[in-house]
Amino acid sequence: MKLKYLITLSLLTLVIAMQAQQPIDKNTTKETTALYRQLLTLIQKKQILFGQQDATAYGLDWKSEKNRSDMKTVSGTHPAIYGWDVGGIEKESKKNLDGVDFNEMRILIKEAYQRGGVNTISWHLINPVSNQSAWDTKTVASIDSILPDGAYNAKYNAFLDRLATFLGTLKTDDGIFIPIIFRPYHENTADWFWWGSQNSVVSYVKLWRYTVTYLRDTRNLHHLLYAYSPDKTSSHEKYFERYPGDDFVDVLGHDCYHFGGVATANAYLTKTREMLLYIAENAKKRGKPTAFTETGLETVNQNDWWTNVLYKTIDNVPIAYVLVWRNANNRPNHFYGPTPNHPANQDFMKFIGKCNIITGNKLTQQ
Ligand code: BMA
């Protein structure tokens, strides 16, 4: 009797634990659930995937070359996580806002997945009211006017339809949907995007929930995990002020850049580490993974930045991945990853040599 009771109890605990490890979408694909659990496992094992935005699309002095990334040229391996941006898809552009052809992006996402890599997508969509860029904050009341009953709701739905159509084409040759960590409306605690802190909390939360519900229920997409990524905030509470709720967020992210090099390294390190620990503690209570969704030091003008700043910021912090921003190929001083002949490359090699930093090669060895 006692044994039977114990077995039932452990089975029940197991079922509850498994349920807690489910993405918010109850109809999620099995590959997407597997990715979600992979993120939680990485955290448990204190391992961190390293990645970069647009890594295989272009680099400092090249574009669209098969199987190339600046990171691979420098270190012999691609990243473990690949960031992409679909800004432009909403207006039916052929290329995204940084010149990446969407047909090529689709192929690169598939190749990343085939290498065992993880794909995450952000969306710098235009302001639907003004048709200006994501950085157009002059047009007020953007959010309310695109929600139901707003004058621009049909237009926003059309934006979402174009986005959904693209996301729906991200499949393997066998027709399996490639799991995507979708990270819309990021840096919402800052005021530089039209969806930023100048909007009311209520409007932001409505926008987020509307977007998730539309993609999941109206468009039937079930290969997305949703990442929420505020920028640095003036207090811990601010992080959760605009939080859309546990039923609408899978990954608790954070974006925070290091500006200024050596002089500000310590402040960046201390504050960011502290914030990530705070987020991770709260994510754990919710049974969700945490990630450092965007960071970097532009031009990496500190030769020990990788080990003495970035590594010290994230080592032993329960985050599933860290993503540095892009190596632009038309703006010489706009790069955040390793680049050939850069004085910080030796340090980068040490960084990716750390046993808890996971690159593309290490993924396939696991
Ligand atoms: C910014 C810059 C821009 C770019 C945008 C979206 O941080 O890199 O050049 O257009 O991200 O990727």
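Where does the ligand sit? In this predicted model, the ligand occupies the largest pocket. Its surroundings are formed by Leu97, Asp98, His124, Trp135, Trp325, Arg326, Arg331 and His334. By residue class, this shell comprises three nonpolar, two polar and three charged residues.

Polar contacts to oxygen atoms of the ligand were computed for several members of the shell, including an acidic, an aromatic and a basic residue. For aspartate 98, an N or O atom of the side chain lies 2.5 Å from an oxygen atom of the ligand. For arginine 331, a polar side-chain atom is found 2.7 Å from a ligand oxygen. In the case of tryptophan 325, the distance between an N or O atom of the side chain and an oxygen atom of the ligand is 3.0 Å. On its own, the ligand has 310 Å² of accessible area, of which the protein covers 81%.

Charged side chains were also examined for pairing within the protein. Side chains of opposite charge can pair when their charged atoms come close. The structure contains 16 salt bridges. One of these joins lysine 66 to glutamate 111, with an N to O distance of 2.3 Å. Another links aspartate 61 and arginine 68, whose closest N and O atoms are 4.0 Å apart. The two partners of this second pair fall into separate exposure classes. Aspartate 61 has a relative accessible area of 66% and is therefore classed as exposed, since this value is over 50%. Arginine 68, with a relative accessible area of 23%, is partly exposed, because this value lies between the 20% and 50% limits.

Notes. Residues are numbered from 1 along each chain as its sequence is written. This is a predicted model: local features need pLDDT of at least 70, side-chain atom pairs count only at pLDDT 80 or more; totals for chains, interfaces and linings use all residues. Side-chain values use heavy atoms; hydrogens and water are left out. A residue is near a molecule or strand if one of its heavy atoms lies within 4 Å of it. A polar contact is a pair of N or O atoms within 3.5 Å; within protein, one must be able to donate a hydrogen and the other to accept it, and residues adjacent in sequence count only if both atoms are side-chain atoms. Accessible areas come from the Shrake-Rupley method with a 1.4 Å probe; for residues, only the protein chains shown count as cover. On a 1 Å grid over the protein atoms alone, a cavity is a set of points where a 1.4 Å probe fits but cannot get out, and a pocket is an open set with protein on both sides within 12 Å along at least five of seven lines; lining residues have an atom within 4 Å of a point. A molecule sits in a cavity or pocket if more than half of its atoms lie within 2 Å of its grid points. Ala, Val, Leu, Ile, Met, Phe, Trp, Tyr, Cys and Pro count as nonpolar, Asp, Glu, Lys and Arg as charged, and the others, Gly among them, as polar. A salt bridge is a side-chain nitrogen of Lys or Arg within 4 Å of a carboxyl oxygen of Asp or Glu. Buried means under 20% relative accessible area, exposed over 50%, partly exposed in between (1.4 Å probe, protein chains only).
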